[in-house]
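Hi,

Here is the structure I promised to pass along. Have a look at it first, and then read on for what turned up.

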Amino acid sequence: MGSDVNNGIVAGLMGGIVFGIMMQMMTAPTPEGGEMPMMAMVAKVVRSDSIAVGWLYRLFNSAVIGAIFGWLLGSRSHNFGAGTGWGAAYGFAWWILGGLILMPLFLGMPPFAPLQMEPMRPVAMGSLVGHLIYGIILGGGFAMLKRGIPGLTRHA
């Protein structure tokens with residue numbers, strides 16, 4: 001019932017929490033041959049080792065990406081089916097842009113490194129699933145917020 005950008009922010013945070021929980025449970029290989037929590041790797045993008053900072057960064061990105069979804073695709077996400085479809089496509093696009101290009105670059109690796117490095121391929125596939133789930137929750141949640149959630153919407 002709010003603006004498309006505001007609905008995108010709220011829906012983006014909903015998807016970001018679910019994706020963040022998934023990332024909290026995932027590990028990624030380190031260059032030294034060990035493993036680290038995926039959320040700690042997210043924190044390294046902003047030069048931190050703190051999982052709490054990783055969460056803050058994850059949620060900030062989720063809100064911004066959600067706002068962009070509302071702005072770009074809000075008019076096309078008028079019902080739950082359209083919202084989840086556009087959300088899944090949007091999540092896939094962000095997997096390529098964020099997970100395969102930007103994050104590796106910010107971590108000092110070449111673009112698409114997660115697909116090119118054998119130990120990182122399971123992480124890349126987990127990231128794909130996470131981005132798709134994020135997008136589906138974003139798009140479906142956006143459509144529900146846009147139309148109003150029965151029982152939660154006040155009528156004057």
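**Aromatic cluster and a nonpolar patch**

F69, Y90, W94 and F142 are joined into a cluster by ring pairs. Please keep in mind that this is a predicted model.

The count of aromatic pairs comes to four. In one of them, F69 meets Y90 edge-to-face, with 5.2 Å from centre to centre and 65° between the planes. F69 sits in helix α3 (residues 51-73) and Y90 in helix α4, so this pair ties together parts that are 21 residues apart in sequence. How accessible are the two partners? F69 counts as buried because its relative accessibility is 0%. Y90 has a relative accessible area of 8%, so Y90 is buried too, the cut-off being under 20%.

F69 also forms an edge-to-face pair with F142, at 5.6 Å centre to centre and 80° between the planes. Here the link is between distant parts of the chain: F69 belongs to helix α3 and F142 to helix α6 (residues 121-147), 73 residues apart. Both F69 and F142 are buried.

Now to the surface. Which residues make the nonpolar patch there? L97, L102, L105 and F106 do, and the patch covers about 320 Å². L102 is part of helix α4, which spans residues 80-106. With 30% relative accessibility, L102 counts as partly exposed, because that class lies between the buried limit of 20% and the exposed limit of 50%.

Happy to talk any of this over whenever suits you.

Best wishes

Key: Residues numbered from 1 in each chain as written. Predicted model: local features only at pLDDT ≥ 70, side-chain atom pairs only at ≥ 80, totals over all residues. Heavy atoms only, no water. Patch = residues over 30% accessible without salt bridge, like charges linked within 9 Å, V, L, I, M, F, W, Y side chains within 5 Å. Areas by Shrake-Rupley, 256 points an atom, 1.4 Å probe, with all protein chains shown as cover. Salt bridge = Lys/Arg side-chain N within 4 Å of Asp/Glu carboxyl O. Helix = DSSP H or I, 4+ residues; strand = E, 2+ residues; numbered from the N terminus. Buried < 20%, exposed > 50% of the residue type's maximum accessible area, 1.4 Å probe, protein only. Phe/Tyr/Trp six-rings, centres within 6.5 Å; stacked < 30°, edge-to-face > 60°.
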